[in-house]
Amino acid sequence: MKKLIPALFAIILTITSAQAQFSLSAEVNARSEFRNGFKKPITEGQDPAFFTEQRTRLYANYKADEYEVNIALQDIRMWGADGIVDKTYGGSFGISEAWARYYMSDKFSVKFGRQIISYDNQRMFGGLEWAMQGLRHDAALFMYEDSLGLKIHAGLAYNQNPATAGEPVRLTGTYYPPFTGNGPYHATGNYKHMQFAYLNKKYESGSVSAYLVNDARQYGLEDSVANRQTYGLMGMKKVGGVKLNAEFFYQGGKVALSDLSAYMFSVSATLKTSATPVIIGYDRLSGQDSESTKNTTFAPLFGTNHAFYGFMDYFYVGNGNSNSGLQDIYLKTKFKIGKGAILGHIHQFLTASTIYEADGTTEASASLGTELDLVYVTPVGKIGTFKVGYSQMFASDSMDIIKNTTNSKSLNNWAWAQLIIKPKFL
């Protein structure tokens, strides 16, 4: 990395001398959080957490007639990770994005490298920019996009471990084991390989999208690979002052040795009023059917789950809900206040499959609890944004069952404040 920054600036100097579109910008993003039952109920014997995390990025983009190159350097750190006079570096410095795009014509192009893959509402593919590290893919995309609103993308990726110690280059083997938290494998949540096709067509009063995704995971010996297929449709239609959205996804194939048959669907309506838009909706993600011999638990792929299933991240953010699935009935709105705005969301969560009490035979309530999310956002000068949020989870006893917690506190809440500065240099 010490050689990377001088090399980057050498590229910048070369590019600046040429007649082309070049931009250089940065981001400093710090968020302080008070967590008192974030992700799962906090117990009587636990203390709340408080910390400040910071993301710093430098973006460089160069675009000419036939090609485009984008590089984003990134540092992620917790305040206090480094001593004030300590030479030991405790942050995480590396590449957020590094890709090139070649335009074969005004409609066809190919893009390869480390990149964000994000479509539609980010349900299945998203950048996850709420998380400081974001979500990126090392992939190649083949893209067709025309001026009539048609977009067809095909992507592929193949992941592999770096060379082992004492081996300057990889000479043998393709084993890419699942993440275990230790050992040489460090790429959390990665697939061994992935292929997808995406189609989107925009109309004057709506749009439709189709997805076909195959992702494969290594689960045992070197030749043991489980391929999972996800098929999906999304549609949006404006009817007068109402915007209707519908989504359906089905998953088949394999998860390790198990056959997979799972689904999710979402329906919502956005109503414009004189004061504020109001969104009402319902999501259902299948859980494990105890009478089925197949795996029937739906797993969201590479989306920004934080945006959908409550800001406190109880569901599908680093966990699988104990295979109970999820039903989410929600109401969302947004009000302008001065130069800023306040967002309000309320969710009623339920399981999508049967869960049982500790005795294993008594059926527990499907109700998991109610979450309230409030966020205030306002600009700070011309290049800054300030956000402050508060969320509270009113969890039921069934939440303790799926989260495997006992003696949980009745009050579970989360508060945060975030300042983002994005200067543009060139």
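Student: Which side chain of opposite charge is nearest to glutamate 53?

Tutor: Arginine 31, at 4.6 Å. Glutamate 53 has no salt bridge, yet this residue is buried. Keep in mind that this is a predicted model.

Student: Why does 4.6 Å not count as a salt bridge?

Tutor: The cut-off is 4 Å between a side-chain nitrogen of Lys or Arg and a carboxyl oxygen of Asp or Glu. Arginine 31 is 4.6 Å away, so the pair misses that limit.

Student: Where does glutamate 53 lie?

Tutor: In strand 2, which covers residues 49–63.

Student: And what is glutamate 53 in contact with?

Tutor: Leave aside the neighbours within four places in sequence. Then the contacts of glutamate 53 are Asn29, Ala30, Arg31, Ile76, Arg77, Met78 and Met132.

Student: What is Arg31 linked to by salt bridges?

Tutor: Arg31 is in a salt-bridge network with Glu33 and Arg35.

Student: OK, how many salt bridges does the structure hold?

Tutor: There are 14. In general, side chains of opposite charge can pair when their charged atoms come close.

Student: You listed Arg77 as a contact of glutamate 53. What does arginine 77 form a salt bridge with?

Tutor: Aspartate 82. Their closest N and O atoms are 2.8 Å apart.

Student: Is arginine 77 buried or exposed?

Tutor: Buried, because its relative accessible area is 17% and the limit for buried is under 20%. Aspartate 82 has 21%, so this residue is partly exposed.

Student: What about glutamate 247, which residue does it pair with?

Tutor: Arginine 123. The closest N and O atoms of that salt bridge are 2.9 Å apart.

Student: Where do glutamate 247 and arginine 123 lie?

Tutor: Glutamate 247 is in strand 11, and arginine 123 is in the loop between strand 5 (108–115) and strand 6. The salt bridge therefore ties together parts that are 124 residues apart in sequence.

Student: Are glutamate 247 and arginine 123 buried or exposed?

Tutor: Glutamate 247 is buried, at 8% relative accessibility. Arginine 123 is buried too, at 2%.

Student: One more pair. Which residue does arginine 228 meet in a salt bridge?

Tutor: Aspartate 215, with 2.7 Å from N to O. Arginine 228 sits in strand 10 and aspartate 215 in strand 9, 13 residues apart. Arginine 228 counts as buried at 11% relative accessibility. Aspartate 215 is buried as well, at 0%.

Student: New topic. Which residues touch the most other members of the largest nonpolar core?

Tutor: Tyr119, Phe125, Phe196, Tyr211, Tyr309, Phe315 and Leu326. That core has 46 residues.

Student: Which elements supply at least two residues of this core?

Tutor: Among them are strand 6 (137–145), strand 8 (193–203), strand 9 (206–218) and strand 12 (258–272). Helix 2 (397–403) does so too.

Student: What does phenylalanine 125 touch?

Tutor: Not counting residues up to four places away in sequence, the contacts include Tyr119, Phe196 and Tyr211. Phenylalanine 125 also touches His137, Met194, Val213 and Phe302, among others.

Student: On to pockets. How much space lies in the second largest pocket?

Tutor: About 890 Å³.

Student: Which residues lie nearest its centre?

Tutor: Asn121, Lys243, Asn245, Ile279 and Phe308. The lining of the second largest pocket has 34 residues. Elements giving two or more of them include strand 10 (225–239), strand 11 (242–255) and strand 14 (326–337).

Student: Where is isoleucine 329 found?

Tutor: In strand 14. At 43% relative accessibility, isoleucine 329 is partly exposed. Beyond its neighbours within four places in sequence, its contacts are Gly281, Tyr282, Ile346, His347, Gln348 and Leu350.

Student: Last thing. What is the phi of leucine 128?

Tutor: Positive, about 50 degrees, although leucine 128 is not a glycine. This residue is in the loop between strand 5 and strand 6. Leucine 128 is buried, at 18%.

Student: And what is the phi of asparagine 404?

Tutor: Also positive, about 55 degrees, and asparagine 404 is not a glycine. Its place is the loop between helix 2 and strand 18. Asparagine 404 counts as exposed, at 71% relative accessibility.

Methods: Residues are numbered from 1 along each chain as its sequence is written. This is a predicted model: local features need pLDDT of at least 70, side-chain atom pairs count only at pLDDT 80 or more; totals for chains, interfaces and linings use all residues. Side-chain values use heavy atoms; hydrogens and water are left out. A nonpolar core is a set of buried Ala, Val, Leu, Ile, Met, Phe, Trp, Tyr and Cys residues joined through side-chain atoms within 4.5 Å. Buried means under 20% relative accessible area, exposed over 50%, partly exposed in between (1.4 Å probe, protein chains only). Helices (H or I, at least four residues) and strands (E, at least two) are DSSP runs, numbered from the N terminus. Contact means heavy atoms within 4.5 Å. Lys and Arg count as positive and Asp and Glu as negative; His and the chain ends are not counted. On a 1 Å grid over the protein atoms alone, a cavity is a set of points where a 1.4 Å probe fits but cannot get out, and a pocket is an open set with protein on both sides within 12 Å along at least five of seven lines; lining residues have an atom within 4 Å of a point. Grid points are joined across faces, edges and corners, and a volume is the space filled by probe spheres set on the points.
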